Amino acid sequence: MSHTQDRVPLKARKVSFSWEGTPLHWVPGDPFTSHTINVLHLLLPAGERWFVHVYKQVLPYIRDERLREDVLGFIGQEAMHSQAHDEVLPHLRELGLDPTPYTAQVDWLFEKLLGDRTLPPGAARRWWLMERVALIAAIEHYTAFLGDWVLNASELDRRGADPTMLDLLRWHGAEEVEHRSVAFDLFQHVDGNYRRRARTWATAFTALVFLWQRGARFFMENDPTLLDGRARLRDFHRAGRRGTLPATGAMLRSIPTYLARGYHPSQEGSTEQAVAYLAASPAALAAEQAQKETA
Ligand SMILES: [Fe+2]
Ligand SMILES: [Fe+2]
């Protein structure tokens with residue numbers, strides 16, 4: 001399948017959210033689902049800042065003008081995502097749930113463990129850069145998966161989920177779907193080694209599962225409104241069956257998809273659906289309106 005057929009020029013869209021009205025359990029009566037999704041606000045600010053940091057270093061290796069433009073668009077979008085999720089954290093703090101103990105660890109992971117390391121210029125430095133580019137491609141497989149999921153997660157609407165939070169998730173998810181091919185194309189362009197793709201997938205997947213379950217447990221245990229808050233695997237499976245979280249089966253099926261030799265991210269998700277959501281996103285429209293008023 002050609003992966004250029006639905007290419008759209010990538011641009012960072014400004015957004016404006018106001019969180020005052022969003023409750024802690026923004027999926028009514030369902031703290032587990034609310035907090036499992038809230039883990040995004042813990043991981044994405046540092047994670048997406050790290051994407052931007054790594055991609056700025058890889059720019060000199062790009063020999064294709066169009067890919068370069070895509071990477072620059074990707075950088076703009078991820079910087080905006082990181083900031084938008086970061087802005088939810090003070091609101092959680094106001095609601096009695098201080099995320100600092102967890103985010104401090106996530107910051108350490110991305111800035112120190114996955115940071116630049118003191119390597120001599122040359123092969124070692126290049127190796128570490130390519131490892132990180134491959135890791136980002138693997139993570140983006142999951143951000144696109146989640147983006148596609150949330151755009152279609154009508155069960156959240158049916159259950160009366162908070163519209164502002166849904167809009168944040170869908171605006172972000174739609175841009176993830178829109179730019180889903182960039183990280184993979186970049187990896188193929190600068191390296192493309194299959195063993196590296198498989199190895200970094202294993203690292204990314206293990207880290208995501210570990211961080212996610214710890215994050216959900218952290219929120220459930222520290223939620224001031226819950227007496228005995230716990231995050232159990234069976235709650236996750238149950239929410240997947242209900243449609244308020246991704247289904248376990250779909251997540252497992254996405255593994256061989258990424259590891260297939262002929263994989264390309266354009267094979268999944270709909271650019272058309274993503275672009276249509278972005279044209280109607282209340283937060284994007286609010287930012288546009290604010291810009292017009294100040295102009
Ligand atoms: Fe993002
Ligand atoms: Fe992304």
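Helices here are DSSP runs of H or I with at least four residues, strands are E runs with at least two, and both are numbered from the N terminus. This is a predicted model, where local features need pLDDT of at least 70, side-chain atom pairs count only at pLDDT 80 or more, and totals for chains, interfaces and linings use all residues. Residues are numbered from 1 along each chain as its sequence is written, with chains lettered from A and ligands numbered from 1 in the order in which they are written.

**Exercise 1.** Place Thr 103 and decide whether Thr 103 is buried, exposed or partly exposed.

*Solution.* Start with the element: Thr 103 sits in helix 4. Next, the rule: with C-beta atoms placed from the backbone, 20 or more others within 10 Å means buried, 12 or fewer means exposed, and in between is partly exposed. Thr 103 has 19 C-beta neighbours inside 10 Å, so Thr 103 is partly exposed.

**Exercise 2.** Work out how helix 1 and helix 4 are oriented to each other, and which residues meet.

*Solution.* Axes are lines fitted to C-alpha atoms over the stretch in contact, and angles run from 0 to 180 degrees between N-to-C directions. For helix 1 (residues 31–58) and helix 4 (residues 100–113), the axes come within 9 Å and cross at roughly 20°. That makes the pair roughly parallel; the classes are under 35 degrees for roughly parallel, over 145 for roughly antiparallel, 65 to 115 for roughly perpendicular, and oblique for the rest. Now the contacts (C-beta atoms, placed from the backbone, within 7 Å): Leu 42, Leu 43, Ala 46, Gly 47 and Trp 50 of helix 1 meet Tyr 102, Thr 103, Val 106, Asp 107 and Phe 110 of helix 4.

**Exercise 3.** Do the same for helix 5 and helix 9.

*Solution.* Helix 5 (residues 123–151) packs against helix 9 (residues 194–222) at about 60°, with the axes 8 Å apart. The two are therefore oblique. On the helix 5 side, the contact residues include Met 130, Ala 134 and Tyr 142, and on the helix 9 side they include Arg 196, Trp 201 and Leu 208.

**Exercise 4.** Check the length of helix 2, then find what covers its buried residues.

*Solution.* The expected span is 1.5 Å times one less than the number of residues. Helix 2 (residues 65–86) has 22 residues, and its first-to-last C-alpha reach of 32 Å is close to the 32 Å expected. Its buried residues include Asp 70, Phe 74, Glu 78 and His 81. Among the elements covering the buried residues of helix 2 are helix 1, helix 7 (163–178) and helix 8 (182–190).

Methods. Contact = placed C-beta atoms within 7 Å.
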